[in-house]
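Q: I have a model open and would like to learn how to read it one feature at a time. Where should a reader start?

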Amino acid sequence: MFFSLFLELFSGNTPLPKNTINLEAALYIPGIRRQKKAAWTDDLSWEERLADAVTPLWRLSYEEQLELKQSNHRRILSELSGSLSPDLRSAFPAPASAKLNFPVLPVLPSPVRDGYRNKSTFSVNRGVDGNPKTVGFYLGTASRGNIVCVNGDHLLNMPEKHTLVARCYQDFIRQSSLEPCLLFHTGGHWREVTVRTNAQGHTMAIVYFHPQMMTAEEVAVHKAELVEYFSRGPGLACQLDSLFFQESTMTRCTHEESPYQLLHGQPYLYEEVLGFKFRISADAFFQVNQAAAQVLYNTVRDLCVPGGAQSKTGSTLLDVCCGTGAIGIISSPRVDRVIGVEIIEQAVRDAAHNAALNNVENCEFLPGKVEVVLPALMSQLSSAPGVLTAVVNPSRAGLHPKVVRALRNQEAIRRLVYVSCKPDGEAMRNFKELCCAPNQEKKLTGDAFSPTLAVPVDMFPHTPHCELVLLFER
């Protein structure tokens with residue numbers, strides 16, 4: 001189905017959606033511009049202001065949202081096309097009107113448009129009424145001193161179960177004798193709460209707490225109160241399957257830096273994608289929209305190993321920034337070997353567990369910084385027989401230059417699939433370095449890749465964001 005659509009598009013029989021809107025232009029659509037100007041006036045309710053900040057496309061129909069995202073991705077990818085034109089290989093930026101020299105498929109829509117988030121983090125701060133124990137989402141900025149915390153029950157992307165946990169947590173901290181931690185240097189203890197759910201409705205809550213100068217015994221009293229509230233008190237309505245607690249003196253920290261303490265219930269959630277089951281720990285990365293994740297991973301798998309059948313003997317899939325191993329495990333039946341690399345050790349443990357959980361025996365997952373692990377690994381792969389394909393799914397920061405260099409200079413890689421949630425950011429630098437002419441100064445000596453197909457996947461309805469899957473070949 002996927003590749004038949006591509007062939008129709010490439011042959012010119014399937015037109016792209018009308019490019020009547022782009023993301024930049026969206027800021028100038030009369031209704032949206034009025035919203036931005038009115039954000040701190042009495043013209044809009046607090047709920048509308050929050051919706052405009054968190055889900056800025058909520059006033060558009062879903063068809064209009066897809067049209068906007070399609071136009072935006074064509075604009076972004078035109079920059080890449082322009083930079084690859086023979087007369088534009090210099091340092092000059094490509095014009096926004098540069099003609100695309102590879103097809104961009106229509107945005108693949110999310111099967112679920114409302115209440116799709118499976119992970120939400122709610123902050124604690126002063127509410128509209130001045131109560132410092134308000135749980136919700138921020139409006140305003142710390143630099144201007146105008147932060148207001150607004151309840152998010154009305155947000156279109158927010159499931160009811162998440163907002164229920166947030167309301168109960170607010171009720172709990174308002175009953176607590178401890179103050180909230182709004183600024184670390186001013187004291188206080190209760191911080192944000194993260195809620196995770198799966199398709200079956202199982203729910204995990206993670207409460208973050210600043211111990212300040214409290215002893216372990218003193219903290220234990222309040223942990224016990226938290227358990228009591230959610231397991232036998234009013235919070236029982238949330239039906240939590242897992243309740244975690246993390247003490248931290250930092251804004252964010254890993255499980256290794258400060259362990260997640262399981263106070264109640266099960267240590268993991270489980271999610272199913274394309275027939276494979278995945279374990280989700282408290283801090284594991286998993287796509288925020290499970291239904292759209294199936295569309296995304298199916299697309300990535302088809303581009304990594306087209307045809308749907310077992311590839312040639314000796315084929316290897318290199319999964320860079322593999323997280324908990326979803327892409328590699330889902331693709332494993334089509335290749336002989338999967339090698340994943342991931343910096344977060346807990347994610348690597350989850351990936352190994354997920355492979356065993358699905359009786360997948362051809363996957364290997366390596367912990368460590370990708371820029372350290374990958375160059376050494378490449379020397380081993382250069383002598384391996386068969387086809388070598390790479391897939392990368394980095395954070396918004398993109399790939400480290402050493403990783404791009406290792407991929408570019410490994411001649412055995414003929415096909416590379418790049419998954420990006422922000423293609424107009426650092427990822428664009430990665431794209432250009434994968435595709436530019438050989439550059440001795442940057443140590444980019446391998447043959448250039450060429451972008452051959454782009455597939456946007458809408459993971460985030462009602463927001464401007466979209467996942468982009470870009471296929472490079474050489």
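Q: In which loop is Cys-421 found?
A: A loop is named by the elements on either side. This is a predicted model, and in it Cys-421 is found in the loop between β14 (413-420) and α13 (426-435).

Q: What does the UniProt annotation say about Cys-421?
A: The unreviewed UniProt entry marks Cys-421 with the annotation "active site". That label comes from the record and may be inferred rather than shown by experiment.

Q: Which residues does Cys-421 touch, leaving aside those up to four places away in sequence?
A: With those left out, Cys-421 touches Arg-396, Cys-466 and Glu-467.

Q: How do I read a sheet, and in what order do the 7 strands of the open sheet come?
A: Strands of a sheet pair through backbone hydrogen bonds, either parallel or antiparallel. Here the order is β3-β2-β1-β4-β5-β6-β7, and the pairing is mixed. The edge strands, β3 (148-150) and β7 (261-265), each pair on one side only. From one strand to the next, the twist averages 35°.

Q: In what sense do β4 and β5 pair, parallel or antiparallel?
A: Strand β4 (residues 190-197) pairs with strand β5 (residues 203-209) in the antiparallel sense, over 6 bridges. One pair to look up is Thr-197 and its bridge partner in β5, Thr-203.

Q: Which strands does helix α4 touch where it packs on the sheet?
A: Helix α4 (residues 46-54) touches β2 (134-139) and β3, and its direction makes about 60° with that of β2. Helix α6 (residues 160-175) lies across β1 (119-125), β2, β4 and β5. The angle between α6 and β4 is about 155°.

Q: Is Asn-358 buried or exposed?
A: The test is relative accessible area, and under 20% is called buried. Asn-358 is buried because its relative accessible area is 16%. The residue sits in the loop between α10 (345-357) and β12 (363-367). Leaving out residues up to four places away in sequence, Asn-358 touches Gly-275, Phe-276, Lys-277 and Ile-329.

Q: What is the phi of Cys-321, and where is the residue placed?
A: For backbone angles, look at the sign as well as the value. Phi of Cys-321 is near 60°, a positive value in a residue other than glycine. Cys-321 lies in the loop between β10 (316-320) and α9 (326-331).

Q: What is the phi of Lys-443?
A: Lys-443 has a phi near 60°, which is positive in a residue other than glycine. Its place is in the loop between α13 and β15 (450-457).

Conventions: Residues numbered from 1 in each chain as written. Predicted model: local features only at pLDDT ≥ 70, side-chain atom pairs only at ≥ 80, totals over all residues. Heavy atoms only, no water. Pairing = 2+ DSSP bridges. Helix = DSSP H or I, 4+ residues; strand = E, 2+ residues; numbered from the N terminus. Axes fitted to C-alpha atoms, helices over the stretch in contact; angles between N-to-C directions. Contact = heavy atoms within 4.5 Å. Buried < 20%, exposed > 50% of the residue type's maximum accessible area, 1.4 Å probe, protein only.
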